[in-house]
Structure formats: C-alpha cells, structure tokens
Amino acid sequence: MRGRFRLSRSEHDEIAAPRARSSRPALSQLILLTAGLVVLTLISAISIYLVNKARDDTRWVLHSMEIENEISLAQLQIQRAESSQRSFLLTQHPEFRAAFEEASGRIPQSFERLRTLTRENPYQQQRLQQMIPLTDQRIGQLRQGIDLALTNRLDQAVESARQEAGQDATRQIRDLGTEMRIEANRLLAARTASADVSQSRSALITSVGSGLVVLFAGLSIYLVRRSSRERDLAHARLRDINLNLESAIEKRTSDLREANDEIQRFAYIVSHDLRSPLVNIMGFTSELEELRGDIFRRIAELSRANGLPPPGVSDPASAAEPVLDGPDEQLSQDFNEALGFIKSSIAKMDRLIGAILSLTREGRREFHPVSIAMRDLIESIVSTVAHQAAEADAEIRVEPLPDIVTDRIAIEQIFSNLIDNALKYLKPGVPGDIAIRGRRKLGFAIFEITDNGRGIDPKDHQRIFDLFRRAGPQDRPGQGIGLAHVRALVRRLGGTISVSSELGAGTTFTVTLPSSWVGTNRDQQS
C-alpha cells in the first residue's frame, strides 16, 4: 500500500509543517525550564544569604538589648543597696541589712556580665572601668555606715550618710551609667535599622521571585496550551488527508507522541523541582524553631534576672523549656501555633507533589495483558481490607464475576480504590453493605460496586473524577487523586466508568472494560 501512493509537494509540506512547528514549543519549554531553574537557584541563594544576615542582625539587636538591661540591672542594684542602707539606719531591722548584702553581692556579677558583653566595644569598656572603682568606693561607704550603726554610733552613721549622699561618686556612677545606656541605645537603633533593611530586602527578593515564578508558570501554561492546540490541529489535518497515506500518518503521530512525552516529562520535572524550595522552607522553619527557643529562653532569663522566677519551678535554670508568664507566654503560644500551621502546609504540599509524581510515573507504565480470574482477585483485595471493614461494621459481598484479559496491576489499583472509597464513606452508625457484581455484554465486562453509604450529590458526579477535587464534607483523609487515577486507568484500558448516587441513598460505580484488552502501550500507539 505504501508504494502505491505519492505525496504531492503541497501535501508533503502540509504534513511536514506541524512537525517543524512542534519542535519550537519543545525548545521554548526547555529554554523556559532552564531559565526557571536558574532563577529559582539564584533566588534560593540570595534568600539564604539574606536570611542568615537577618538572623545575625537580630542576634546583635538582642545583644544590645541585653547590654542595656544589664546596665539598668546594675544601677538598680546600686540603688537597692543605698535604699537598704538608709532603711537599716532608720529602723535597725536585720532584713534591710540582708537586702543590702544581697544587692551589693549582685553588683560585681552584673559588672562581670557587662564586661563580657561589651568586650568588643572600647567605649563601653572604658566607662565600665571607671564605674567599677566608684561603685566599690560607694558600697564601702555604705557598709561603713552600717558598721557604725552596729557599734551603737547611729548618729555618726546618719551624719556620714547625709554627707556622702551629695558626693560626686554617686553622681559620677549615675552619669557613667547614663552614657553607657546612650551608647547601647545608639547601637540598638543602628542594628535594628540594619535588621529592618535585611528583612525588607528579603521580602523584596521573595516578591520578585514569586512574580518570576508566576510569570514562568503563565508562560508554561501558554506553551502547553499552544502545544495542545497544535496537536488537535494535527489530528484534524490527518482526518482530511487521504486515509491510505500511511507514511504521513506515521510521521504525524510520531510528532504527537513526542509532544505528549514532552508534556509528561515537563510535568514530572516541574513537580520534582518544586521540592527544592519546599526543602528550603523546611530548613528555614527549623531555623525559626531554634531561634524561637533562643529568644524565649533569653526572655525567661531576663525575667529571672529581674527577680521573677517562673511559677512552680524550684530551679529555673534546670527547666528544659523556659516557663513564661502573661504576654510572653501568649507570644510563645502564638509563635508555636504559626510554626504548626507552616509545618502542616509544608506536609500537605509535600503530599500533593508526591501524588503528582506518582501519577506521572503511573501514566508512563506499560500495560501487560494477562488472563485474570476476577472473583479471586476481588476476594484477595477484600481480604486486605477485612480489618477496616470489621471496624466499620461492614459486610462486603462478592458475587460471580466474569473473567477478563487485561493488565493485572491496573485492575488491582482500580478496584482497590473503589472498595476503599466505599468503606471510607459509609454512614456512621449504620451497618455497611457493599456488593461487587458483574456481567458480560457485547464483548465487554461490566462491574458494579454498590454501597449503602452517605452518597454523592448529583451535581458532584463529574467533579469527583477531577484531579485534587473532592465532594461533600472533607472529614476523611485523602488528596483527591484516587478517582482521577481510576478514571485514567480505565480509559487507558479502553473502558469507561460512571457513577450513580444520591445523598443518603448510597453509591454505585459502574466500570465497563473490554473482555479482552487489545490496546497497545504508549510506545506502540498510532
């Protein structure tokens, strides 16, 4: 037959033109995919750098806040020592002397922490070196007054305290503390501004990256649709060409297979590469959790440093998790709740990507027809869900079924999904009744899976077969891919699937398959 026909030049050009055009979308998709990968890689690298910088800036902001708090704490202890000494001189109560000893004992600790925190700041170190001897001198004077009072020289102690109150030492200590606090506030303002700039740049990069991703996605959809239109146009032209031009048909269908394979590969690669930013988000979420622990641990430490130990904890330093009160506790709970939402969204996206990859791999699998005893196969599936059926108080009845010749794995997946759906959507409190029956008709095997479950609204009968679309209350686990996968497998086997159901009246899925599958695999399809 091939040697008896010749293509005219116009017919040859008409057949060859679609193939030349089909290569351009493939090249455009490849270029677009490469550009998308480059942009995503660049955005990921910049985002990692900006996140690290923002984290460093935030650490320095917290460092400045800690210095300022420590300065205030040291001055507070000095004031407590002075107040306790005066109170002791006035009342001679031992608790005021104990309070003085406690406050004076904490002052060196605060200075030591300040020395450690400001070791990289010569200005603060200089002020601290001036403040320490003045403070020691002042504490010595206060202690001398207490000693005079203890030796019954109270009048002399009071007169000494009155004279020392106006000395320069107290004023100098206060002025040095003020200078150190001003320097700490200056550094805090500068570091806060730097952190704000880093966060703004990170937000800008994220926005630009999102815009580029949306742009690439739009271009991808446009290219896929254009490729689909050209494929449909190729089919229409093939119907108009002489049916005996077998060579032209083979060339055209070859081009169509290449286009379909390119779309399949494109969907697989895009779905696979979505995991890269997802992994980055997972990593950044872990870093946020670590940072959250540091922040609230420091808040708890600052609360303890101000004399507010956590309630119900005898040794706060031994607590594995910082215990907070009031607004700090609420802030910690809000932080944990936000991280929980992020993690659940990441897990959901990971499941959806996995479902897409699974569907893509399944769509490329070759079918191998074998003779199948359908009743034995269905009873084997039922035995695997026997425990689930017992928990749902359901009975699964398998009636005589016609044997067929088809792909065993595809059949197992089809009926496993349908039986699992029947068990999943039974009515609560009502014993389940699921029946699987079949018959032959005009070279086809017709199978029905009937249940007495909660049913499906007629307006959702087509919706349930769409990918990631579900009907009714979303109170059962699932990603909305089961029935879409079932329909795709049934169609590849040359059959059809339909549903008959009403709300509250149960559901019947009808699967019609050729008794003997005579189809071919993807690489052999014409």
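This is a short dialogue on reading a predicted protein model.

Q: Where do I start, and how many helices and strands does the protein have?
A: Start with the overall make-up. This predicted model has 12 helices and 7 strands. Of the 526 residues in the protein, 36% are buried. The protein exposes about 29,500 Å², and carbon and sulfur atoms supply 56% of that area.

Q: What share of the contacts comes from residues 24 or more positions apart?
A: Take the contacts with a separation of 6 or more: 75% of them are between residues 24 or more positions apart.

Q: How do I read a nonpolar core, and which residues have the most contacts inside the largest one?
A: Look for buried nonpolar residues joined through their side chains. Here the largest nonpolar core has 42 residues, and Ile 378 and Ile 411 have the most contacts inside it. Several elements each supply at least two residues of this core, including α9, α11, β4 and β5. Helix α11 gives the most, with 8 residues. Apart from this core lies another, of 25 residues, including Phe 88 and Met 131.

Q: Which residues does Ile 378 contact, beyond its neighbours within four places in sequence?
A: Ile 378 is in contact with Val 398, Leu 401, Phe 415, Ile 419 and Ile 436, leaving those neighbours aside.

Q: Which residues of α9 are buried, and how are they arranged around the axis of α9?
A: In α9, Met 374, Leu 377, Ile 378, Ile 381 and Val 382 are buried. Seen down the axis of α9, the buried residues fall within an arc of 140°, so they line one face of the helix. The general idea is that an α-helix has 3.6 residues a turn, so residues three or four places apart point the same way.

Q: How do I read a salt bridge inside a helix, and how far apart are the closest N and O atoms of Arg 115 and Glu 112?
A: Look for a side-chain nitrogen of Lys or Arg within 4 Å of a carboxyl oxygen of Asp or Glu. In the bridge between Arg 115 and Glu 112, the closest N and O atoms are 2.7 Å apart. These two residues are 3 residues apart in helix α2, so about one helical turn separates them. Arg 115 is partly exposed, at 26% relative accessible area, and Glu 112 is also partly exposed, at 42%.

Q: Is Glu 183, in helix α5, buried or exposed?
A: Glu 183 has a relative accessible area of 11%, so the residue counts as buried. Its side chain meets that of Arg 186 in a salt bridge of 2.7 Å, N to O. Arg 186 is partly exposed, at 48%. Beyond its sequence neighbours within four places, Glu 183 is in contact with Asn 121, Tyr 123 and Gln 124.

Q: Which strands hold Arg 437 and Glu 448?
A: Arg 437 forms a salt bridge with Glu 448, their closest N and O atoms being 3.9 Å apart. The pair links distant parts of the chain, with Arg 437 in strand β4 and Glu 448 in strand β5, 11 residues apart. Salt bridges that share partners join this pair with Arg 397, Glu 399, Asp 433 and Arg 439 into one network. The whole structure has 15 salt bridges.

Q: Which residues form a nonpolar patch on the surface?
A: Leu 27, Leu 30 and Ile 31 form one, with about 300 Å² of accessible area together. Ile 31 is found in helix α1. Its relative accessible area is 52%, so Ile 31 counts as exposed.

Notes:
Residues are numbered from 1 along each chain as its sequence is written. This is a predicted model: local features need pLDDT of at least 70, side-chain atom pairs count only at pLDDT 80 or more; totals for chains, interfaces and linings use all residues. Side-chain values use heavy atoms; hydrogens and water are left out. A nonpolar core is a set of buried Ala, Val, Leu, Ile, Met, Phe, Trp, Tyr and Cys residues joined through side-chain atoms within 4.5 Å. Buried means under 20% relative accessible area, exposed over 50%, partly exposed in between (1.4 Å probe, protein chains only). Helices (H or I, at least four residues) and strands (E, at least two) are DSSP runs, numbered from the N terminus. Contact means heavy atoms within 4.5 Å. Patches are made of residues with over 30% relative accessible area and no salt bridge: like charges are joined within 9 Å, nonpolar side chains (Val, Leu, Ile, Met, Phe, Trp, Tyr) within 5 Å. Accessible areas come from the Shrake-Rupley method with a 1.4 Å probe; for residues, only the protein chains shown count as cover. The arc is that of the directions from the helix axis to the C-beta atoms.
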